[in-house]
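Please open the structure in a viewer and keep the selection tool at hand. The tour below proceeds one selection at a time.

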Amino acid sequence: MSASPGQHARHRLDEVIHAPVRLSIVAALAQVDEAEFGHVRDTIEVSDPTLSKQAAQLEAAGYVTVRKGYVGKRPRTWLSLTRAGREAYERHLEALRAIAGGA
Amino acid sequence: MDTHEPHPIDQREAQQQLATIEGRTLASARDRRVHAVGTVVYGVTIGLLMGARNMVSESQYLLLSLVAVVVLLAEFLLVERAARTVPRRARRWSRIGFAASFIIALVLVTPWLNLSAQTAPNTWPMVLVAALVTAAPSVVAGAVIARGGR
């Protein structure tokens with residue numbers, strides 16, 4: 001039995017999202033329209049620098065938007081998935097499910 | 001993205017990754033409630049302001065308008081401060097509610113109250129009805145947000 005190249009679900013995994021921390025960030029953001037940086041950090045259990053670095057990579061790929069602002073006098077950073085990020089995550093999730101299901 | 005090299009991931013790893021991401025959630029009922037209440041407050045404030053148009057003097061109405069602006073600004077800031085997420089589609093529903101309340105106030109409620117005031121003074125029950133009709137779209141939008149609407 002010969003598997004044709006590029007047909008296996010693993011070929012549909014997204015290189016950017018595939019890294020564990022970035023996958024956690026994208027998966028968390030997919031559930032909301034926007035989330036505060038600190039809340040994402042606490043939820044996926046990473047440090048500030050780690051989240052900053054990974055969010056910057058996702059932003060560079062066009063998957064995440066970073067919005068900085070103030071609430072009162074406190075600076076706040078908000079993260080959200082772009083449309084491209086949401087679509088890429090959906091594709092990645094489909095591929096993961098296919099692999100998990102033994103495709 | 002790039003598909004030159006297949007990812008080194010097997011069935012078990014894929015299952016573990018799925019379990020990990022499904023076990024964590026940013027979405028919260030509390031944030032949905034915060035955004036829902038904010039949307040309802042907007043509609044009720046606009047409704048009361050529009051309804052009271054012919055019930056008070058010009059200077060009182062100016063004061064009332066300033067109070068409404070302060071309430072709306074405070075509401076915006078409180079929502080930003082209290083909620084750590086914007087729930088899925090909450091922003092879209094809020095905007096739909098805001099816009100519908102504003103349009104109803106402008107094209108339905110205000111002309112009705114103005115027309116009625118030409119024949120007889122408006123009454124407080126009329127103001128209440130005007131406020132309720134104006135607020136209705138925002139209240140519905142708030143309910144949709146609270147229920148995690150699609």
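The model shown is predicted, and over all chains the count of salt bridges comes to 10. The stops that follow visit several of these pairs, after which the tour turns to confidence.

**First stop: a pair across two chains.** Select A:Asp33 together with B:Arg88. These two residues form a salt bridge, in which the closest N and O atoms are 3.0 Å apart. A:Asp33 belongs to strand β1 (residues 32-36) of chain A, while B:Arg88 sits in the loop between β1 and α4 (90-119) of chain B, so the pair joins two chains. A:Asp33 has a relative accessibility of 18% and therefore counts as buried, since the cut-off for that class is under 20%. B:Arg88, at 29% relative accessibility, counts as partly exposed.

**Second stop: neighbours in chain A.** Move the selection to A:Arg41 and A:Asp42. Their side chains meet in a salt bridge, with 3.1 Å from N to O. A:Arg41 counts as partly exposed at 24% relative accessibility, and A:Asp42 is also partly exposed, with a relative accessible area of 43%.

**Third stop: a pair in chain B.** Now select B:Arg30 and B:Asp31. Which kind of interaction does B:Arg30 form with B:Asp31? The two form a salt bridge, and their closest N and O atoms are 3.4 Å apart. B:Arg30 is partly exposed at 42% relative accessibility, whereas B:Asp31 is buried at 2%.

**Fourth stop: a network.** Extend the selection to A:Glu36, A:Arg41, A:Asp42, A:Asp48, A:Arg76 and B:Arg84, which are joined into one network by salt bridges that share partners. The pair from the second stop, A:Arg41 and A:Asp42, is among the members.

**Fifth stop: the surroundings of B:Asp31.** Return to B:Asp31, which is found in helix α2 (residues 29-51) of chain B. Which residues does B:Asp31 touch, not counting those up to four places away in sequence? They are B:Ala82, B:Ala83, B:Arg84, B:Thr85 and B:Pro87. B:Arg84 in this list is also a member of the network of the fourth stop.

**Last stop: confidence in chain B.** Colour chain B by pLDDT. The chain averages 89, and 94% of its residues score at least 70. Among the elements of chain B, strand β1 (residues 85-87) has the highest mean pLDDT, at 95, and helix α1 (residues 11-22) has the lowest, at 88. Where pLDDT is low, the predicted coordinates should not be read in detail.

Methods
Residues are numbered from 1 along each chain as its sequence is written. Chains are lettered from A and ligands numbered from 1 in the order in which they are written. This is a predicted model: local features need pLDDT of at least 70, side-chain atom pairs count only at pLDDT 80 or more; totals for chains, interfaces and linings use all residues. Side-chain values use heavy atoms; hydrogens and water are left out. pLDDT is the predictor's confidence in each residue, from 0 to 100. Helices (H or I, at least four residues) and strands (E, at least two) are DSSP runs, numbered from the N terminus. A salt bridge is a side-chain nitrogen of Lys or Arg within 4 Å of a carboxyl oxygen of Asp or Glu. Buried means under 20% relative accessible area, exposed over 50%, partly exposed in between (1.4 Å probe, protein chains only). Contact means heavy atoms within 4.5 Å.
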